[in-house]
Amino acid sequence: MSVLLETSAGDIVIDLLVDYAPKMCENFLKLCKVKYYNFSPIHSIQKSFSFQTGDPLGPMSTQSDGGTSIWGLLSGDPAEKTFPALFHPKLKHLERGTVSMATAPHPSDQDMRLAGSQFFITLGDNTEYLDGKAAIFGKVVEGFDVLEKINDAIVDERGHPLVDIRIKHTAVLDDPYPDPAALREPSSSPPPTKAQLATVRIGEDEELLDEEANEEAAAEAERRRREREAAAQALTLEMMGDLPFAEVKPPENVLFVCKLNPVTTDEDLELIFSRFGKILSCEVIRDQKTGDSLQYAFIEFEEKKSCEDAFAKMDSVLIDDRRIHVDFSQSVSRLSEVWRNETNTKRKTAAVRDGGGGWGGVEGLEKWRKYRVVEHDRRTGDEGYRMVHGIEELGGRHQRDDGSRRHEGAPRDGASDRETGREDIPRRHDNPPRNPDRRRDISRRSRSPRDRYHEGRGGRSDGPSNGRDSRDWNRRDRRDRDLDRDRDRDRDRGSDRDRGRADYKHSR
């Protein structure tokens with residue numbers, strides 16, 4: 001057995017505990033059925049505790065009688081306005097969403113409490129304070145988000161919300177009780193009475209108007225954001241050269257026609273559209289290579305009104321067995337082309353007049369070649385940086401190196417390749433180093449034979465062929481490896497001999 005309460009804050013579904021509180025459930029169901037609770041205000045909101053409703057007029061109205069039961073409503077007898085409330089010992093206010101009837105003590109019997117039409121719904125857990133004062137008859141099963149909205153509502157010092165929250169409609173989902181003889185269910189929800197309208201503080205409609213204003217403000221902000229984004233994109237296209245300037249707008253006297261038959265020509269379209277006004281140009285766009293029609297065209301009228309008339313009357317017209325589509329052109333390519341041609345012409349004229357030479361003076365700019373051999377280097381011989389070397393130059397470098405050695409004399413025996421390659425560097429003294437073998441060993445350890453080969457290629461003179469150059473290098477490489485191997489073997493033998501002597505002395 002369930003009831004749906006449609007409130008201005010949302011829908012709430014209540015399950016009734018007919019087995020524990022049958023009398024109160026029947027009263028609540030029948031009152032919902034006759035739409036007694038419609039437009040009842042929600043009041044006495046206590047945050048995280050409870051709120052109260054069920055009085056059609058509410059406590060703010062001087063005409064309110066506090067509500068009546070279904071039997072007092074049907075009979076009109078003041079004695080039946082209330083009925084005794086039953087407190088089941090197993091039902092406690094322990095969880096949020098507990099629904100209980102508001103009660104008042106009997107005038108003659110303080111142990112008896114009477115219920116009418118008003119009820120509580122708890123907004124928090126552990127509200128045991130209501131035990132014995134409010135009789136539980138149901139619980140909320142759907143609409144806890146609505147309870148949160150009511151809990152967060154702005155209220156005055158008496159707990160009345162500043163913006164009205166009211167029960168708009170009630171619907172009985174399941175009713176196990178038979179209707180009383182005098183009960184008549186209305187076919188539709190009755191409108192609020194004048195007394196109910198007089199209790200409105202800030203109506204729901206006013207709040208909706210504020211929400212609509214907020215929506216309008218949000219829409220306006222979104223429109224401004226899109227305009228800024230479009231302006232930024234137009235500026236980017238201007239920087240890229242796709243637009244002549246960012247504020248460019250498409251012409252208002254040009255029509256865009258698409259879905260054409262491939263056989264339709266420029267003359268055909270011009271003849272058909274000329275009845276709307278003078279046409280300045282009519283062009284069917286064609287493929288650059290094949291010349292086939294791309295089935296769309298641009299028609300430029302002399303006057304804007306002629307373009308508008310053609311747009312209004314020629315859309316979906318049948319031309320050459322095809323229904324064409326007509327729209328205002330959004331293309332600015334022709335404007336861009338005109339602007340670009342005029343700008344380029346001005347630049348060329350200025351360049352020729354100023355003697356710069358070429359478009360924009362490009363040919364007058366200095367050509368900076370940082371890593372390439374320029375013509376000046378080829379004319380002046382060996383001067384200048386040569387940072388990029390070709391295969392042919394690498395092959396002939398060592399030949400020039402050998403030729404320079406023949407002119408300067410062969411190096412002495414045992415001299416390292418590094419010393420040979422540094423003949424042209426002035427030395428601090430003419431005497432040879434004290435230990436040439438050690439110096440040669442150090443230089444050999446610090447550099448590979450291939451590095452020494454590259455470092456020794458400094459001269460430029462004619463020499464033997466590339467094959468002989470490679471054999472010379474290989475011969476020197478094998479000689480250096482043999483010397484290194486012999487020296488390492490002699491050193492190992494000496495260390496073994498010294499270690500054997502030390503072991504012999506230790507054993508003695």
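Two strands are said to pair if DSSP finds at least two bridges between them. Helices (H or I, at least four residues) and strands (E, at least two) are DSSP runs, numbered from the N terminus. The model on screen is predicted: local features need pLDDT of at least 70, side-chain atom pairs count only at pLDDT 80 or more, and totals for chains, interfaces and linings use all residues. Residues are numbered from 1 along each chain as its sequence is written, and side-chain values use heavy atoms, with hydrogens and water left out.

**The whole chain**

Begin with the entire chain, which has 14 helices and 16 strands. Of its 508 residues, 34% are buried; buried means under 20% relative accessible area, exposed over 50%, and partly exposed in between (1.4 Å probe, protein chains only).

**The sheet**

Next, select strands 11, 12, 13 and 16. These 4 strands form an open sheet in the order 12-13-11-16, with antiparallel pairing. At its edges lie strand 12 (279-286) and strand 16 (325-328), each of which pairs on one side only. From one strand to the next, the twist averages 20°; axes are lines fitted to C-alpha atoms, for helices over the stretch in contact, and angles run from 0 to 180 degrees between N-to-C directions.

Now display residues 254-258 and 293-301: strand 11 and strand 13 pair in the antiparallel sense over 5 bridges. Here Val254 stands opposite Glu300 in strand 13.

**The helices on the sheet**

Add helix 6 (residues 266-273), which packs on the sheet and touches strand 11, strand 12, strand 13 and strand 16; contact means heavy atoms within 4.5 Å. The direction of helix 6 makes about 140° with that of strand 12. Then add helix 7 (residues 304-314), which also packs on the sheet, touching strand 11, strand 13 and strand 16. Its direction makes about 150° with that of strand 16.

**Aromatic rings**

The structure holds 12 aromatic pairs. Rings of Phe, Tyr and Trp (its six-membered ring) pair if their centres lie within 6.5 Å; planes under 30 degrees apart count as stacked, over 60 as edge-to-face and the rest as tilted. Select Phe256 and Phe298: the ring centres are 5.5 Å apart and the planes at 50°, so the pair is tilted. Because Phe256 lies in strand 11 and Phe298 in strand 13, the pair ties together parts that are 42 residues apart in sequence. Add Tyr296, whose ring centre is 6.1 Å from that of Phe298, with the planes at 85°, so this pair is edge-to-face.

Finally, select Phe28, Tyr36, Tyr37, Phe119 and Phe137, which form one aromatic cluster.
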